[in-house]
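Colleague: I have just opened this model and would like to learn how to read it. Could we go through it together, one question at a time?

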Amino acid sequence: MGSSLPSRPIYLDHHATTPTDPRVLEVMLPYFTHAFGNAASSSHVYGWEAEAAVTQARETLAAAINCSPEEIIFTSGATEANNLAIKGVAEAYLSKGRHLISVTTEHNAVLDPVHYLQGLGFEVTLLGVDSQGLIDLRALEQAIRPDTVLISVMAANNEIGVLQPLTQIGALAKQHNVLFHTDAAQAVGKIPLDVQAQNIDLMSLTAHKVYGPKGIGALYVRRRDPRVKLAPQMHGGGHERGLRSGTLFVPQIAGLGKAVELAMLELESEAARLTSLREQLWQQLQVLDDLKLNGHPGQRLPGNLNVCFGGVDGEALLIGLRQVVALSSGSACTSAEVAPSHVLKALGRTDQEAHAALRFGLGRFNTTEEVDQVAVAVVDTVQKLRKMAMTWR
Ligand SMILES: *Cc1c(COP(=O)(O)O)cnc(C)c1O
């Protein structure tokens with residue numbers, strides 16, 4: 001990909017977004033032009049073609065997470081899916097209670113809706129994590145109250161790649177009769193997921209983290225044992241069983257389906273390949289001292305490596321590396337401000353440590369040669385920056 005443009009840096013920012021796989025794009029294209037129909041038009045072939053593409057994508061997604069196709073609601077992405085799940089449940093279960101449980105290391109697309117509800121008078125328990133990024137299941141159980149309506153815990157963290165124990169969380173939620181939502185934006189197609197075996201009631205996903213297009217995602221909403229009630233957040237033509245109105249974006253939906261299909265086919269081999277690339281990178285960085293791995297060493301996404309480089313400024317490091325590699329630091333540029341990552345802070349890292357972190361996100365089109373090049377450049381740049389700091393002192 002892009003090898004004809006030698007000046008392009010190596011892309012290692014796959015937690016931010018992924019390129020659309022050419023095989024996915026190919027499936028999408030006819031739905032922009034030839035088969036452009038509205039999936040809701042039931043009186044002619046244009047509508048039927050569009051409807052068939054949507055049905056196929058729905059079936060692919062359902063098979064990937066072990067639900068039924070009617071339990072898939074298409075949205076514009078994981079942000080919208082999270083908003084629909086969290087606000088939709090909160091509004092629909094007012095008679096049960098107003099208490100929600102989530103985690104400090106969640107993506108802002110979960111934290112912000114939760115804080116919004118808090119502003120409306122809901123009570124929120126945000127669980128902390130241990131130094132490796134995992135929640136404490138006993139603390140979760142203790143947080144559950146008779147008026148708790150939802151537990152929202154992400155499947156895989158977008159910064160440190162940590163995989164939360166979904167199966168155990170699902171079991172606890174079921175035992176206490178509380179709904180369980182998971183933001184699986186980083187997890188779908190990367191690790192096996194099974195909403196039945198794991199007792200998951202709602203799951204958010206998005207195409208652009210799994211080699212599909214941006215602007216499309218889905219929310220899985222359980223229909224049996226229990227049947228989850230959801231208040232729609234978008235009102236209009238009654239699409240998606242009334243839960244998400246708006247004309248379906250058929251090319252994007254076809255792309256989402258194809259992206260998930262490919263990721264599921266290649267899940268095991270790709271996980272093994274990315275794990276070995278990650279181990280290669282981590283090994284090659286060991287010539288540097290004062291490194292700290294952020295997140296759990298084993299219980300993490302195959303393609304994720306997040307490291308604090310002691311005594312180095314992450315922004316300076318990124319600038320020093322940007323000709324060679326495109327990646328992210330441990331700082332979040334939320335608005336104009338550069339703040340230390342709330343995830344790294346939750347692990348107990350200091351502001352300084354968080355600012356000295358890099359997130360390496362390996363993906364489908366990365367090679368061992370690229371990892372070699374990146375490792376050499378990182379080692380070189382860190383050593384230069386450390387030497388400069390010494391000289392100034
Ligand atoms: C990317 C991401 C989101 C947002 O998804 P969009 O489809 O871009 O709205 C939400 N949660 C996590 C964990 C993510 O990584």
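Modeller: Gladly! Helices and strands here are DSSP runs, with at least four residues for a helix and at least two for a strand, numbered from the N terminus. Keep in mind that this is a predicted model.

Colleague: Thanks! How many helices and strands does the chain have?

Modeller: We count the runs along the chain, taking each kind separately. The result is twelve helices and 15 strands.

Colleague: What radius of gyration does the chain have, and what would a compact globule give?

Modeller: The C-alpha trace spans about 70 × 55 × 40 Å along its principal axes. For 393 residues, a compact globule would have a radius of gyration near 21 Å. The chain agrees with this, since its own value is 22 Å.

Colleague: How far apart do the C-alpha centres of domain 1 and domain 2 lie?

Modeller: Let's start with the division itself: domain 1 is made of 10-17 + 266-392, and domain 2 covers 22-265. In the contact between them, 28 residues come from domain 1 and 36 residues from domain 2. The distance between their C-alpha centres is 28 Å.

Colleague: Which helix gives the most residues to the largest nonpolar core?

Modeller: A useful background idea is that nonpolar side chains in soluble globular proteins tend to be buried together. The largest nonpolar core here has 65 residues, and Phe74, Ile151, Met203 and Leu256 are those with the most contacts inside it. Its top contributor, with eight residues, is helix 2 (residues 45-65).

Colleague: And where does this core lie with respect to the two domains?

Modeller: We can work that out by asking who supplies the residues. Both domain 1 (10-17 + 266-392) and domain 2 (22-265) give residues to the core, so the core lies between them. Another core, of 29 residues, lies apart from it and has Trp282, Phe309, Leu317 and Leu327 among its members.

Colleague: Ser102 caught my eye. Is Ser102 buried or exposed?

Modeller: First find its place, which is in strand 3 (residues 99-103). Leaving out residues up to four places away in sequence, Ser102 touches Val110, Thr125, Leu126, Leu127 and Ser152. Its relative accessibility is 1%, and a residue under 20% counts as buried, so Ser102 is buried.

Colleague: Let's try a residue in a loop. With which side chain does the side chain of Asn366 make a polar contact?

Modeller: Asn366 sits in the loop between strand 15 (357-361) and helix 12 (368-392), and at 5% relative accessibility Asn366 counts as buried. A polar atom of its side chain lies 3.2 Å from the backbone oxygen of Tyr11. Tyr11 is also among the residues that Asn366 touches, and so are Arg273 and Leu277. As for the side chain you asked about, at 2.9 Å the polar contact is with Glu370.

Colleague: Asn177 has a positive phi. What is its relative accessible area?

Modeller: Most residues other than glycine have a negative phi. Asn177 is not a glycine, yet its phi is about 65°. This residue lies in the loop between helix 6 (166-175) and strand 6 (179-183). Asn177 is exposed, and its relative accessible area is 66%.

Colleague: Where does Asp290 lie?

Modeller: Asp290 has a positive phi too, near 55°, and is a residue other than glycine. It counts as partly exposed at 47% relative accessibility. Asp290 lies in the loop between helix 8 (267-285) and strand 9 (291-293).

Colleague: What is the omega of the peptide bond from Asp225 to Pro226?

Modeller: Most peptide bonds are trans. Pro226 belongs to the loop between strand 8 (217-221) and helix 7 (250-265). The bond from Asp225 to Pro226 is cis, with omega near -5°.

Colleague: One last question: how far apart in space are Leu25 and Leu256, C-alpha to C-alpha?

Modeller: Leu25 is in helix 1 (residues 22-28) and counts as partly exposed, at 39% relative accessibility. In sequence, Leu25 and Leu256 are 231 residues apart. In space, their C-alpha to C-alpha distance is 10.0 Å.

Definitions and conventions:
Residues are numbered from 1 along each chain as its sequence is written. This is a predicted model: local features need pLDDT of at least 70, side-chain atom pairs count only at pLDDT 80 or more; totals for chains, interfaces and linings use all residues. Side-chain values use heavy atoms; hydrogens and water are left out. Buried means under 20% relative accessible area, exposed over 50%, partly exposed in between (1.4 Å probe, protein chains only). A polar contact is a pair of N or O atoms within 3.5 Å; within protein, one must be able to donate a hydrogen and the other to accept it, and residues adjacent in sequence count only if both atoms are side-chain atoms. Contact means heavy atoms within 4.5 Å. A nonpolar core is a set of buried Ala, Val, Leu, Ile, Met, Phe, Trp, Tyr and Cys residues joined through side-chain atoms within 4.5 Å. Domain bounds come from an automatic or database domain assignment. The radius of gyration is taken over C-alpha atoms; the globule rule is 2.2 Å times the number of residues to the power 0.38.
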